[in-house]
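This report concerns the salt bridges of one protein chain. The sequence and model are shown below.

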Amino acid sequence: MKKLLFPLSVALALALAVVYQLLLSERVNLYIVCTAVLILSMLPFFAVFEVKKSSEREITLLATLTALAVVSRAAFYLLPQVKPIGAVVIVSAVCLGAERGYLVGAFSAFISNFIFGQGIWTPFQMVALGLVGFAAGLLFKKVPKKRVPLAIAGFLLCGVLYGLIVDLSTILVMYGNNITLSGVLGVYAAGIPFNITFGASTAVFLLLFGEAFIKKIDRLNTKYGIIS
């Protein structure tokens, strides 16, 4: 219990800082909000990894999949929103579990933004892509790892869940703590074409390559016993 006291105190302090910034302060400091969102979202997953032992092979596999996700996004630099990164994150989560899927998603968003540009949006992209991985890891514990379910999940997770979270950064930049319903609806409406494109491209990548990719990672895991 004592080990949890410090992270819980940090989480509470950060949550209060976000509430104060959004509800009580005259001017929202977006850097405080973004930092708090980032730490709050990553804290539980770092705590899980701190408690359990991770082998060198597991860390290497996670780093490799993260690097692959980054490269897959960079390779399609000239095609806005047409990126395989969501597909790589989902496949990683399906094979390695929800917690590891979150880490692959969050770190790949952060690292790839050194190419695409860091900003207020980065923590929201990290949280969004991390949650895409987390949700996929939970979902495919019960759903068959087949092409069609993968494609449907890819479209919904990257086209809907990802978009809903990332567009929050635009809302905060535009409205701060003066958020209105019409403003929120306007931002989300403007983002629909981009989110649908990202979701559809993720679905296509999973439909074409998802099942084969999963078999490769599962084969490595079975052969070397990377993930227990």
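Which side chain meets Glu58 in a salt bridge? The partner is Arg100, with an N to O distance of 2.7 Å. A salt bridge here is a side-chain nitrogen of Lys or Arg within 4 Å of a carboxyl oxygen of Asp or Glu, and by this rule the count comes to three.

The model is predicted, so local features need pLDDT of at least 70 and side-chain atom pairs count only at pLDDT 80 or more, while totals for chains, interfaces and linings use all residues. Residues are numbered from 1 along each chain as its sequence is written, and side-chain values use heavy atoms, with hydrogens and water left out.

| Acidic residue | Basic residue | N to O distance |
|---|---|---|
| Glu58 | Arg100 | 2.7 Å |
| Asp218 | Lys145 | 3.9 Å |
| Glu211 | Lys146 | 3.8 Å |

Glu58 belongs to helix α3 (residues 56-75) and Arg100 to helix α5 (residues 98-116), so their salt bridge ties together parts that are 42 residues apart in sequence. Helices are DSSP runs (H or I, at least four residues), numbered from the N terminus. Glu58 and Arg100 are both buried, where buried means under 20% relative accessible area, exposed over 50%, and partly exposed in between (1.4 Å probe, protein chains only).

The side chain of Asp218 forms a salt bridge with that of Lys145. Asp218 lies in helix α8 (residues 181-224) and Lys145 in the loop between α6 (121-139) and α7 (147-175), 73 residues apart. Asp218 has 24% relative accessibility and therefore counts as partly exposed; Lys145, at 32%, also counts as partly exposed.

Glu211 and Lys146 form a further salt bridge, which links helix α8 with the loop between α6 and α7 across 65 residues. Glu211 counts as buried because its relative accessibility is 19%, whereas Lys146, at 47%, counts as partly exposed.

Terms used
Helices (H or I, at least four residues) and strands (E, at least two) are DSSP runs, numbered from the N terminus.
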